[in-house]
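Dear colleague,

I am handing over the structure we spoke about, and below it you will find my notes on what turned up in it. Please read them with the structure open beside you.

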Amino acid sequence: APVQSSWRNPNEQTPVASTSTANSGGNQSRNGSANQGAIRKTNGNGKPVEGVAATRGNTRGRRFVCDVLRTRQQPSKKGTLGKVVTLQTNYFSVAPPSTFNREWNIFQYHIQFEPEVVNPRLKYKFISDICSKERYGTFIFDGAQLFIINKLSQDEVELRVRDDRTQDLYKVTIKKTGIVDMTQETGLQLLNLILRKAMGGLNLQLVGRNLYDPEQKILTPHQLELWPGYITSIRQHEDSILLCAEIVHKAMPTGNCYEIFRQCLNQSRNGNHIEMFKKKMLGTVVMTKYNNKTYRVDDVDFSKSASDTFDTRNGGKISFVQYFKEKHSQKINDPRQPLLISKARKRDLRGGQSEFIALIPELCYPTGMSEEMRSDQRTLRELASLTRHTPMQRIQKLMEFNARLHRSSDQIFRNWNTELGSKLVEVNGRELEEEHILFGRQQRFTAGPKADWTQQLAKQDLIWPKKLLNWHVILPEYMDRDAENFYRCLSQVFRGLGITANPWIKVKIQNDNFLNQYMQAIEECVSCDTQMIVVLVGNNRSDRYAAIKKKACVDRQIPTQVITKKVLCPKPGGNSMSVATKVAIQINCKIGGIPWTVKIPLSGVMVIGFDVCHDTRDKSKSYGAFVVQMMHENSTPPSFYSKVNQHKFGEEISNYMTLNVTTALKEYQIRYGALPSKIFFYRDGVGDGQLHYVYNHEVMALRDRVIANAYKGATLPGVTYFIVSKRINTRLFKGKENPKPGTVVDDVITLPERTDFYLVPQSVGQGTVSPTSYNIVYDTSHLPIDRLQQLSFKLCHLYYNWSGTVRVPSVCQYAHKLAYLVGQHLHTIPNERMASQLYYL
């Protein structure tokens with residue numbers, strides 16, 4: 001693409017988007033596998049250009065190994081409880097060949113040019129010519145360091161090379177700096193580089209940070225193509241080096257950005273197509289198929305068009321239309337279209353790239369799904385049916401990927417004395433016992449092999465229900481009949497669940513399109529000292545929902561239950577009693593009721609969950625939700641406490657953790673007359689690169705400032721701090737099926753520097769189940785690992801919005817629900833008087 005070195009933002013008031021989108025694959029840094037190590041660039045086929053620095057510049061989400069936080073406290077972290085089962089994983093072994101009889105090392109040399117060479121491509125050309133002429137063999141060059149498998153005859157070599165273009169002569173000094181052990185950090189980075197080079201033979205396309213196969217694309221009826229691809233990572237696991245390979249898909253719209261521009265023109269009113277187009281394009285990652293590169297759109301320049309000229313590198317001028325015709329054989333049909341502007345990345349600037357790159361909408365194709373597509377549930381369901389592979393299908397695709405690598409690139413691995421295993425790595429896992437779900441009247445049922453107790457729930461009393469004596473319903477007049485029918489179902493459900501409930505009090509409004517009528521009705525209910533307000537609405541308009549929740553949760557402190565007409569009146573054949581059961585449980589939980597529990601063989605327990613959600617209105621803000629579940633004794637109902645803090649600059653790290661824990665300890669002491677003897681902290685939303693910060697600023701502050709001060713003169717509590725990760729690439733298979741809920745893996749594929757384990761928390765109806773990763777970064781509980789694994793599984797049963805297990809412990813799910821409510825709808829801190837209620841369910 002041509003560069004616009006003199007381009008300037010024509011509208012100084014328009015902010016340039018600075019946050020990455022989901023299209024860029026930015027969440028890989030949270031996976032514990034950093035995807036391809038220090039890869040910097042690829043050519044059009046996904047083959048690495050090894051002449052670009054592998055360890056410099058902005059490497060967020062790409063560095064294979066960050067500064068490792070070693071938190072393993074005991075030599076063994078393997079549990080013993082449960083039934084032992086053999087599982088397959090999505091890992092392959094990486095090792096030297098069986099016939100290899102010497103140390104698995106690579107020789108490292110420092111390269112110095114005199115005079116200095118700035119252009120990284122020219123550096124690479126010189127080194128490539130030297131390695132070929134001097135017969136150094138296969139090599140990797142990162143811009144400063146040369147890695148080869150054969151040791152040079154001398155530790156320092158001086159050679160001279162000439163630039164064919166300028167005839168300039170350079171002296172190249174090659175000096176030995178060490179031997180790289182392939183099991184250490186640098187060696188692992190090299191293995192990832194070797195893997196990416198091997199994958200170049202598969203004719204894959206780099207989109208964002210991952211490689212996809214456009215030749216295997218799946219056509220859909222929604223103007224989308226699904227490109228299958230791979231996320232891969234090589235790293236040291238317990239006793240061996242393993243390659244993790246995960247099958248992923250990328251949604252690629254078939255239309256170009258110019259078509260989006262034309263849609264904005266046709267839909268615009270009062271000439272607002274400029275704002276419409278900018279809103280759709282800013283932050284979008286686009287692909288230019290003439291060079292198979294991706295760019296992030298940082299602005300749209302309507303002051304220039306494709307007919308304008310720009311300065312060429314040789315000092316001439318040429319129009320965009322003529323440039324693309326001559327350079328890429330691309331015809332631009334509309335020379336009046338505006339220009340998309342992409343800001344060059346730092347490493348590209350160092351390589352001589354100009355600051356701003358001009359793109360032609362007609363030649364750019366957006367990657368990923370638009371907001372409209374994401375909000376279309378039908379589209380999402382159809383795409384899910386194409387991308388959710390069963391365990392058998394996923395195993396088959398993994399073996400096909402492995403076979404393709406061996407066919408096309410086996411020689412590359414052999415050149416580096418490396419062998420890729422041809423079978424999936426097997427591990428021993430353990431199936432924990434099914435939990436017993438405790439209901440009212442001392443009834444108990446096992447959760448079952450699918451960890452789902454929906455059928456039992458409809459027939460049992462809640463274990464600790466709350467009386468619903470004074471509650472109101474706000475409804476439009478036209479929904480009165482539907483409301484009566486639903487109330488009859490609800491009353492029947494209340495009786496079945498053992499909930500004492502007086503009839504609701506109706507507050508009617510004339511038109512549900514006017515927000516002020518809902519606001520006035522809420523004030524009328526509040527004046528009657530209501531416990532709960534049920535609000536009936538015609539559809540799921542987000543502005544109306546946000547206004548209702550803000551009025552109830554911020555201005556007032558009343559829990560609300562918003563129900564749409566679609567939920568109120570299910571389609572023919574729909575189960576209205578099932579809907580009424582879910583609504584009844586939600587209402588009762590919001591006023592303090594507890595529907596079920598499991599036996600926690602500990603007393604004096606405080607469990608904390610934390611998660612972060614970004615503000616959808618202001619990308620510079622995010623909200624951290626802190627939720628505490630207090631379980632003093634098994635015979636008494638648990639209680640809750642929550643707190644929300646605003647984080648500036650979109651941070652996921654909290655500066656309020658110590659204050660929140662201190663407040664929670666005071667609340668516990670007020671409610672139970674004592675401090676907890678065990679504290680379990682489940683921290684979500686932490687990437688590998690943030691582990692050090694979390695440990696030093698949250699865990700150590702919790703130990704040194706909070707616990708030490710709160711327990712002066714008393715026995716210190718046992719504290720266990722978990723890092724919980726859902727977005728991981730590890731998959732587990734039991735035969736050709738999903739493992740049962742409660743399956744634990746704590747060996748082979750876990751990491752040697754951590755006390756960590758994988759837990760399969762739930763059963764899924766479609767696709768392959770995703771395990772959850774638990775990393776214990778601090779533990780003074782003196783509980784065996786079995787008990788900690790059991791506790792984590794038990795807590796997955798206590799999310800009251802779902803009569804089954806969830807992917808993370810309930811406090812994490814509650815924290816996510818609360819952070820989502822604030823970041824998506826409230827955009828401000830809720831009323832603190834509601835801190836003891838689950839109003840965010």
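Leaving out neighbours within four places in sequence, Ser409 is in contact with Ala198 and Gly201. Please keep in mind, here and throughout, that this is a predicted model. Ser409 belongs to helix H9, which covers residues 391-415, and with a relative accessible area of 2% the residue counts as buried, because that value is under 20%.

Pro503 gives the opposite result, since its relative accessible area of 56% is over 50% and it is therefore classed as exposed. Pro503 sits in the loop that runs between helix H11 (480-497) and strand E26 (505-509), and, when residues up to four places away in sequence are not counted, Pro503 touches Trp471 and Tyr487. Pro503 and Leu468 lie 35 residues apart along the sequence, while their C-alpha atoms are 8.9 Å apart in space.

Turning to the domains, the assignment for the chain gives domain 1 (107-179), domain 2 (257-375), domain 3 (465-591) and domain 4, the last made up of 599-728 + 771-834. I looked further at the pair formed by domain 3 and domain 4, whose centres, taken over C-alpha atoms, are separated by 30 Å. To their contact domain 3 contributes 16 residues and domain 4 contributes 11 residues.

How much area do domain 3 and domain 4 bury between them? The figure is about 1100 Å², of which 66% is on carbon and sulfur atoms. Of the area that domain 3 buries against domain 4, Cys553, Val554 and Gln557 supply 45%, which is more than any other three residues provide.

As for specific pairings across the interface of domain 3 and domain 4, the rule finds 0 salt bridges, whereas it does find 3 residue pairs in polar contact, with both residues of each pair at pLDDT 80 or more. On the side of domain 3 that touches domain 4, the elements giving two or more residues are helix H13 (542-555) and helix H15 (576-590), and the largest share, 9 residues, comes from H13. Sorted by class, that side of domain 3 holds 9 nonpolar, 3 polar and 4 charged residues.

With best regards

Note on methods. Residues are numbered from 1 along each chain as its sequence is written. This is a predicted model: local features need pLDDT of at least 70, side-chain atom pairs count only at pLDDT 80 or more; totals for chains, interfaces and linings use all residues. Side-chain values use heavy atoms; hydrogens and water are left out. Domain bounds come from an automatic or database domain assignment. Contact means heavy atoms within 4.5 Å. Buried area is the accessible area (1.4 Å probe) that two parts lose on being put together, summed over both. A salt bridge is a side-chain nitrogen of Lys or Arg within 4 Å of a carboxyl oxygen of Asp or Glu. A polar contact is a pair of N or O atoms within 3.5 Å; within protein, one must be able to donate a hydrogen and the other to accept it, and residues adjacent in sequence count only if both atoms are side-chain atoms. Helices (H or I, at least four residues) and strands (E, at least two) are DSSP runs, numbered from the N terminus. Ala, Val, Leu, Ile, Met, Phe, Trp, Tyr, Cys and Pro count as nonpolar, Asp, Glu, Lys and Arg as charged, and the others, Gly among them, as polar. Buried means under 20% relative accessible area, exposed over 50%, partly exposed in between (1.4 Å probe, protein chains only).
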